[in-house]
Amino acid sequence: MMTLNSNLSKVTLNVNGLNDPIKRCRVSDWIKKQDPSICCLQETHFRPKDTSSLKMKWWRTIYHSNGPQKKAGVAILISDKLKFIPKTVVRDEEGHYIILKGSIQQEDLTIMNIYALNVAASDILGSKYIN
């Protein structure tokens, strides 16, 4: 049992697309070896109908933000070891960010996963949606 007072391990990874099943398997294996509490993925390149293909043992809680095309896309994976209770999820329609607010053992937690090209970073980070 993990407590919030212990260290939450976090991993972030730009995967540059996960539509290939072999690549999904390799990324999944790498994440399992790292065994983080929270994993943030950028550039998943999923469309909304494709998100079910990202399933991993011990990672049933997965939040996605995807655009209509196979580009951008972010995901937040929460380990089954955590008792995470979601309160609010804010998603960008283009799949550039997701903001997840919730709690672990009655402690509030906000997780942001942002994917932005260098030329668009200031627009996204200065966006009215991220307050």
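Here is a quick tour of strand β4, its partners, one aromatic pair, a loop threonine and the nonpolar cores. Keep in mind that this is a predicted model. Strand β4 covers residues 74-78, and five of the five are buried, so the rest of the structure largely encloses this strand.

**Strand β4 and its neighbours**

- In a regular strand, side chains alternate between the two faces of the sheet.
- For β4, both faces are covered: V74, I76 and I78 sit on one side, A75 and L77 sit on the other, and all of them are buried.
- Strand β2 (residues 38-42) runs antiparallel to β4, and five bridges join the two.
- Within that pairing, C39 stands opposite L77 of β4.
- Strand β3 (residues 61-65) is also joined to β4 by five bridges, and these two run antiparallel.
- Here S65 is the residue that stands opposite V74 in β4.

**The aromatic pair**

- The count of aromatic pairs comes to one.
- It is made by Y63 and F84, whose ring centres are 6.4 Å apart; their planes sit at 75°, which is over 60 degrees, so the pair counts as edge-to-face.
- This pair links distant parts of the chain, with Y63 in strand β3 and F84 in strand β5 (residues 84-91), 21 residues apart.
- Buried or exposed? Y63 and F84 are both buried.

**A threonine in the loop**

- T44 is found in the loop between β2 and β3.
- Its relative accessibility is 0%, and buried means under 20%, so T44 counts as buried.
- What does T44 touch, once neighbours within four places in sequence are left aside? Its contacts are V15, G17, L18, N19, N66, A72, G73, V74 and A75.
- Two of the residues on that list, V74 and A75, belong to the buried set of β4.

**The nonpolar cores**

- The largest nonpolar core has 16 residues, and the ones touching the most other members are I38, I76, I78, F84, L100, L109 and I111.
- Elements giving two or more residues to this core are β2, β4, β6 (97-104) and β7 (107-114).
- Take I111 as a case: not counting residues up to four places away in sequence, I111 touches I38, C40, I76, I78, I98, I99 and L100.
- Another core, of 13 residues, lies apart from the largest one, and its members include V27, F46, I62 and A75.
- So β4 turns up in both places: I76 and I78 are in the largest core, while A75 is in the other, and these residues are on opposite sides of the strand.

Note on methods:
Residues are numbered from 1 along each chain as its sequence is written. This is a predicted model: local features need pLDDT of at least 70, side-chain atom pairs count only at pLDDT 80 or more; totals for chains, interfaces and linings use all residues. Side-chain values use heavy atoms; hydrogens and water are left out. Buried means under 20% relative accessible area, exposed over 50%, partly exposed in between (1.4 Å probe, protein chains only). Helices (H or I, at least four residues) and strands (E, at least two) are DSSP runs, numbered from the N terminus. Two strands pair if DSSP finds at least two bridges between them. Rings of Phe, Tyr and Trp (its six-membered ring) pair if their centres lie within 6.5 Å; planes under 30 degrees apart count as stacked, over 60 as edge-to-face and the rest as tilted. Contact means heavy atoms within 4.5 Å. A nonpolar core is a set of buried Ala, Val, Leu, Ile, Met, Phe, Trp, Tyr and Cys residues joined through side-chain atoms within 4.5 Å.
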